[in-house]
Amino acid sequence: MGMTELFDDAAPKDVPAVTIRRPDDWHIHLRDGAMLRAVAPFTAAQFARGIIMPNLVPPVTTVAAAAAYRERILAAMPTGAGFTPLMTCYLTDATDPDEIEKGFAEKVWVAAKLYPAGATTNSHGGVRDLVALAPVLERMERIGMPVLIHGESTDPSVDIFDREAVFMEQSLLPLLKRHEGLKVTIEHVTTAETVEIVRAHAPRVAGTVTPHHLVLNRTSLFQGGLRPHYYCLPVAKRERHRLALRAAVTSGDACFFIGTDTAPHLRNAKEAACGCAGVFVGATALQTYAQVFDEENALDRFEAFASLNGAAFHGLAPNAGTITLVRRPGRALAAVPVEDDEVVVFRGEEPLPWSIAG
Ligand SMILES: NC(=O)N[C@@H](CC(=O)O)C(=O)O
Ligand SMILES: [Zn+2]
Ligand SMILES: [Zn+2]
C-alpha cells in the first residue's frame, strides 16, 4: 500500500494484525483538477470503492456532469489502483425526478445527496424546501435509490452544537414518515441521539461515522489553542457523543459503516480568519479506525463496519481481496503538496499505533 512508513520493519511476528476484505468508503470528497490528482491516490490506497460527493463548483446535478466527473476521477487514479468511484447527484429545489431515474438506470450514479441549502461547504445550491422535494424522493423510493443526507439545521439562530439534533427532530423524522420506504443514509453521525434514530429505523436507514469523530470531541478543537484542521461540519460534539459513536461502530450492527468524509482544503483556506470546514482523513482513515476498534477490543467486528455493512446496504457484493492492518507504529505524511500550497493530513504529524501492512 506504500502510503505509511513503518518505523520498525523488524517487528516481532506476533504483532497484532487484522486482515479484512478490501473496505469501501461511502463518503468521499475528491474535488477536481490539481486537488483531485493530489488526493486520489490516498483514497485508492485504502479503499476499493467509494461514494463520491457531488459538491463541486458548480455542483454535479446532471447525468452528463456525473459521467464526465467519473472519467476525470479514473484518469487521476494511479495505474492499477483498482478503485471504483460510485457517483452521486446533488439535489436542488429544481431537481427533475426523470433525470434522477435516468442516471440511476444508466448506472452513472448510485445515490443522491441532500444538502440543506447553506449547511456546509459548497451547499448553497442545495435544497431549501424538503417538503417540496417529495416528487424526487417518491421516485427514489420507487426505484430503490438511497438519499444521503447532511443532517444539520440551517437556521442561523440554532446553536452550532445543536444543529444536527434540531435537523433530526424537525426535518429528518418527518421526512422518514412521509417516505416510509425510502432508503436513507444519515452521513457523518455525530450524536448519541442520532445513533439511536439510525438504529430505530434500520435497515432502511443507515449511518456513516468518520474517523475524526471517533477520536475528537469538541474540546479537541481548542486543545492548547485553536485547531483549524480539526474543524469540520457537523462539528465534533461533547465526549459522551464520541463515546456513543465508538460504541455504535464497534457494536457490529449492520446499520453503521465507514464514511470518512475525507474533505481536503488548502492550508491557506483552513488557516484563515474564517477557516473553512473539512478534514483531510484520506491518508489516515483505516489506521485511525483500526486503532479505535483495537482500543474497544472489537477488532473482530472491524470487517463488518469497514467492508460488509455498507456494501449490503447498497446492494453490492463485498470486494474481492484483502487488506491487512498491523499494530506497529508508523507515520503517514504531514501534508500533501497541491500546486503552490498543500493539504494538511489528519494526524499526519503523530506517530500512529496502527499501520497498513504492505
Ligand atoms: N465535512 C465538512 O466539513 N466539509 C465537507 C462537506 C460536508 O461533508 O459537509 C466539504 O466538502 O469540505
Ligand atoms: Zn456533510
Ligand atoms: Zn462530506
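I began with what pairing means here: two strands count as paired if DSSP finds at least two bridges between them. I kept in mind throughout that this is a predicted model.

**Three-stranded sheet**

With that rule in hand I looked up L325, and I found that L325 stands opposite I356 in strand 15. Strand 11, residues 322-326, is joined to strand 15 by two bridges, and these two strands run antiparallel. I then followed the sheet outward and noted that it is an open one of three strands, in the order 2-11-15, with antiparallel pairing. Its edges are strand 2 (17-21) and strand 15 (355-356), each of which pairs on one side only.

**Eight-stranded sheet**

I turned next to the open sheet of eight strands, whose order I wrote down as 3-4-5-6-7-8-9-10, with parallel pairing. Because strand 3 (24-28) and strand 10 (256-258) stand at the edges with a single partner strand each, one side of each is left without a neighbour in the sheet. From one strand to the next, I noted, the twist averages 30 degrees.

Within this sheet I looked up how strand 4 meets strand 5, and I found three bridges joining residues 49-52 to residues 84-90, the two strands running parallel. For I51 I recorded L86 as the bridge partner in strand 5.

**A helix across the strands**

Which strands does helix 11 lie across? I found that helix 11, residues 302-313, lies across strand 3, strand 9 (205-209) and strand 10, and that it runs at about 115 degrees to strand 10.

Conventions. Residues are numbered from 1 along each chain as its sequence is written. Chains are lettered from A and ligands numbered from 1 in the order in which they are written. This is a predicted model: local features need pLDDT of at least 70, side-chain atom pairs count only at pLDDT 80 or more; totals for chains, interfaces and linings use all residues. Helices (H or I, at least four residues) and strands (E, at least two) are DSSP runs, numbered from the N terminus. Axes are lines fitted to C-alpha atoms, for helices over the stretch in contact, and angles run from 0 to 180 degrees between N-to-C directions. Two residues are in contact if their C-beta atoms, placed from the backbone, lie within 7 Å.
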